[in-house]
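Student: I would like a close look at a single part of this model, followed by a connected account of the contacts and spaces that go with it.

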Amino acid sequence: MSSRKTRKSSCTFGVRIPTCHDKPGTTQVLQLTHQADSQISIALPTVYEVDLFRCFSPVFFHIQMLWELVLLGEPLVVMAPSPSESSETVLALVSCISPLKYYSDFRPYFTIHDSEFKDYTTRTQTPPSVILGVTNPFFAKTLQHWPHIIRIGDIKVSGEVPKQVKIKKLKNLKTLDSKPGVYTSYKSYLNKDEDIIKQLQKGVQQKRPAEAQSIILRRYFLELTQSFIIPLERYVASLMPLQKSISPWKSPPQLKPFSKEEFMKTLEKTGPQLTSRLKGDWIGLYRHFLKSYNFDGWFRTRRKEMTRKLEALHLEALCNEDLLFWSQKHTEVETVDLVLKLKAKLIDGKNLPVKPETIEKLKKHIDSIILAQPEDLQGILTKTGAV
């Protein structure tokens with residue numbers, strides 16, 4: 001009996017896991033494969049980085065209005081012929097406001113079996129801030145009361161320029177065989193940007209690769225979102241207390257409260273007009289946004305980051321003091337209280353944006369203070385609040 005050896009092929013994957021410091025949509029995961037002793041790198045996008053141009057092609061002429069609806073967290077339904085097309089379109093919508101995170105709920109493929117089915121289809125309450133992707137024709141009837149509905153046919157990118165689909169009133173969505181289109185009574189705050197439409201139309205005529213079309217569209221959304229969010233970032237940065245107000249012997253100062261009216265006043269000189277050519281009712285768009293879940297989620301995240309920054313600055317200020325000299329000037333009870341607080345700071349400091357040297361410096365402060373105490377107290381302080 002002859003023996004036969006089987007050669008097994010091997011495949012190596014190099015993966016980079018995104019960190020909390022990465023901005024959405026900027027991290028690439030690489031797949032490395034070996035073929036004929038050569039290494040080939042293939043970029044694998046995240047689930048949010050779908051083919052934007054392909055997904056938006058059925059509603060090509062209304063991408064800017066859809067960006068506004070997603071930015072404002074408006075209730076939105078995507079009715080598609082298949083789960084894959086439903087899911088991809090919902091993910092494309094969620095990603096179009098990147099780098100701003102979409103803080104409302106979204107369901108790429110929602111069915112009648114989902115637990116929230118009754119809540120979302122009832123007409124006795126206003127639809128929640130959520131994007132639903134559905135395929136069941138039954139939803140054309142049960143979700144007629146939703147304010148914004150997108151009906152799409154089969155998603156495909158041909159060599160032809162996408163036809164303009166008009167915005168239709170919701171009353172036209174009566175039958176199960178409704179035509180593809182955007183059904184809403186929403187009036188955009190910003191004037192339509194004809195340049196991006198012409199640029200993408202020209203790309204179709206010149207048979208520009210779909211990947212390139214999506215890159216152009218993603219860059220357009222990115223610049224639009226950044227123009228919108230920069231004034232907010234600038235104003236929020238002004239809420240930070242001055243660094244000279246941080247005292248190592250007092251609690252870290254608090255952030256100033258966010259004032260909507262004060263922010264609105266800043267838009268006249270430092271608004272989106274500095275970075276965007278688009279005209280329209282920017283003030284109205286901001287007022288609407290400030291009432292949305294997206295603003296609430298964004299501001300809570302920024303406030304948390306800024307609070308951690310203040311705590312980090314306070315920790316650094318504390319480490320720059322001669323804490324041993326301070327302890328020698330105070331009572332034993334006060335020194336014990338200081339050591340316990342410093343140990344708590346040491347635990348919290350591991351989650352703060354501080355340099356490793358700062359943590360090491362704090363440890364040395366604690367050790368030096370403990371060693372300067374009577375021997376019986378040293379043992380107690382070493383064990384108490386151990387880290």
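Student: Is D195 buried, partly exposed or exposed, and what is its relative accessibility?

Tutor: In this predicted model, D195 counts as partly exposed because its relative accessibility is 44%, which lies between the limits of 20% and 50%. D195 forms a salt bridge with R277, and the closest N and O atoms of the two are 3.4 Å apart. This pair links distant parts of the chain, since D195 belongs to helix α6 (residues 194-205) while R277 sits in the loop between α8 (260-270) and α9 (282-289), 82 residues apart. R277, for its part, counts as exposed, because its relative accessibility is 56% and the limit is 50%.

Helix α6 also has a place beside an enclosed space, the second largest cavity, in which about 30 Å³ of space lies. Its lining is made up of F61, I63, Q64, K192, D193, I196, I197 and Y220, and the elements that give two or more residues to this lining are α2 (63-71) and α6. Sorted by class, the lining of the second largest cavity has five nonpolar residues, two charged and one polar.

The structure holds two cavities of 30 Å³ or more, and the largest contains about 40 Å³ of space. Around the largest cavity stand S227, I230, P231, R234, T270, G271, P272, L274 and T275, with the largest share of that lining, four residues, coming from helix α7 (residues 210-237). The lining of the largest cavity divides into four nonpolar, four polar and one charged residue.

To return to the salt bridges, the structure holds 11 of them, and two others can be set beside the pair of D195 and R277. R300 and D296 form a salt bridge whose closest N and O atoms are 3.1 Å apart; both residues lie in helix α10 (residues 293-319), four residues apart, or about one turn of the helix. R300 counts as partly exposed at 44% relative accessibility, and D296 is partly exposed as well, with a relative accessible area of 36%. In helix α13 (residues 356-371), K363 and E360 lie three residues apart, again about one turn of the helix, and their side chains meet in a salt bridge at 3.7 Å, N to O. Both are partly exposed, K363 with a relative accessible area of 33% and E360 with one of 40%. Elsewhere, D105, R107 and E116 are joined into one network by salt bridges that share partners.

Note on methods. Residues numbered from 1 in each chain as written. Predicted model: local features only at pLDDT ≥ 70, side-chain atom pairs only at ≥ 80, totals over all residues. Heavy atoms only, no water. Salt bridge = Lys/Arg side-chain N within 4 Å of Asp/Glu carboxyl O. Buried < 20%, exposed > 50% of the residue type's maximum accessible area, 1.4 Å probe, protein only. 1 Å grid on protein atoms, 1.4 Å probe; cavity = no way out; pocket = protein on both sides within 12 Å on 5 of 7 lines; lining within 4 Å. Points joined across faces, edges and corners; volume = space filled by probe spheres on them. Nonpolar A, V, L, I, M, F, W, Y, C, P; charged D, E, K, R; others polar.
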